[in-house]
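Q: I have a model open and want to learn to read it. Where do we start?

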Amino acid sequence: MQKLFEEIKVPQKELENMVNEKLDSIQKDSRKKKRTKVLCGFTAAAACMTALVVFSVSNPVLAAQLPLIGHLFGQVENKQPYYRDMDETQVQTMPENEEEENVVDGMKISLSEIYCNTEALYMTVVIESKEAFPEYLLDNPLMQNHDFYMLDAVENFDFIDQPLLFPLQVNGKYIDDHTFVGSTRVDFTFGYSGSDENESFVFPDTIPESFHWNMDVKNIYTYYGNSPSDSGETYTKNGPWSFETDVAAKQTERIVKEVNDYGPNGMGITTAEKREYEILLNLGYDESKVDGYDVESIQSVVLDADGKYMLDKAGMLPIGDFNVSKIDVYYFPVASEEDWMAIQEKLTVGEPADFIKEIAIHHTEIDFGS
């Protein structure tokens, strides 16, 4: 698989190995197999997005820092590879639990906000610890400001006949010594494992306008270490924590374009999907398209219709304020990681389209219409 370099240097390999070991034990092949690499990602978060943890705002210090209801997604959106500017009119507030509910061994987890469309279920959360989180988590060299928690979760949707077994990753931040806030999502377009280890399933193509949902979290865990080169130790808290609510799903349009275009190293794009908050590029490899280059020697960048650089997070392009009536993918030779980092610096200033066109050896245009 083509080597990718991120703008921010993070301990990708170590985190991916740790999380993938868990994911590989439960994830099964499905018709969406091409996209499983997106679940693992190439950021320090290194796994699927997950549910966000939110605690009761009886703590006045925390209450002063938390945004208004409907704004918590915005509080942590820069920690996510997916959405921006969540439609606040469609954000649901989870019903509050009794004070004694969902508190296990001094740890309280409360879902706060939910947003759902036909592509995914998004959740925001705060994890509150009665005792201060250990210093090795609050100042964790392994995370390098990309903190996350994994939720070992079992979910039930009333429009499918089996539970969803999948660890959810909460990407976020510590806002004080006792509180972690973040968010996650369940993508309806991926394949998942079922209740039987030999079963797998995909969500139906049509997501109902409303449905009942519940989730049981068996435990939560994250990793820590003295340096990014450490294999990492695990910080774990055992539950269970339980959540249940009725969900309204905003009916959104998804535009799918057949592309099937490849660079001279055989790497390319099979299809492109424009969603509400992101563009998903389904990547592929065609050996017959190789023309004198090996996989590692070619990199690519994506520019929007105005020539602005869109950071590609393993095939996921957050739309944000970009003009995505069309996108352009440029392939060019790179001799080393240092060369790639130098190119990335140029992409963030001036008119990146000008110099990218000069060094590009292959170009793919994907038109989504106006």
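A: Start with strand pairing: two strands pair if DSSP finds at least two bridges between them. This is a predicted model. In it, Leu 280 stands opposite Met 316 in E17.

Q: How many bridges join strand E14 to E17?

A: Three bridges join E14, residues 278-285, to E17, and the two strands run antiparallel.

Q: What is the order of the open sheet of four strands?

A: The order is E12-E13-E14-E17, with antiparallel pairing. Strands E12 (255-262) and E17 (316-318) are the edges, as each pairs on one side only. From one strand to the next, the twist averages 20°.

Q: Which residues in helix H7 are buried?

A: Buried means under 20% relative accessible area. In H7, residues 352-359, the buried residues are Pro 352, Ala 353, Phe 355 and Ile 356. They pack against strands E15 (298-304), E16 (309-310) and E18 (326-333), and against helix H6 (337-347).

Q: How do I read the whole protein?

A: Count elements, then burial, then contacts. The protein has seven helices and 19 strands. Of its 370 residues, 53% count as buried. Among contacts with a separation of 6 or more, 72% come from residues 24 or more positions apart. About 16,400 Å² is exposed, with 45% of it supplied by carbon and sulfur atoms.

Q: Which element has the lowest mean pLDDT, and which the highest?

A: Read pLDDT as the predictor's confidence in each residue. Helix H2 (residues 36-40) has the lowest mean, 28, and strand E19 (residues 362-367) the highest, 96. Over residues 1-70 the pLDDT is below 50, yet this stretch has 228 contacts in the model beyond near neighbours in sequence. The protein's mean is 75, and 70% of its residues reach 70 or more.

How values were computed:
Residues numbered from 1 in each chain as written. Predicted model: local features only at pLDDT ≥ 70, side-chain atom pairs only at ≥ 80, totals over all residues. Heavy atoms only, no water. Buried < 20%, exposed > 50% of the residue type's maximum accessible area, 1.4 Å probe, protein only. Contact = heavy atoms within 4.5 Å. pLDDT = per-residue confidence, 0-100. Areas by Shrake-Rupley, 256 points an atom, 1.4 Å probe, with all protein chains shown as cover. Axes fitted to C-alpha atoms, helices over the stretch in contact; angles between N-to-C directions.
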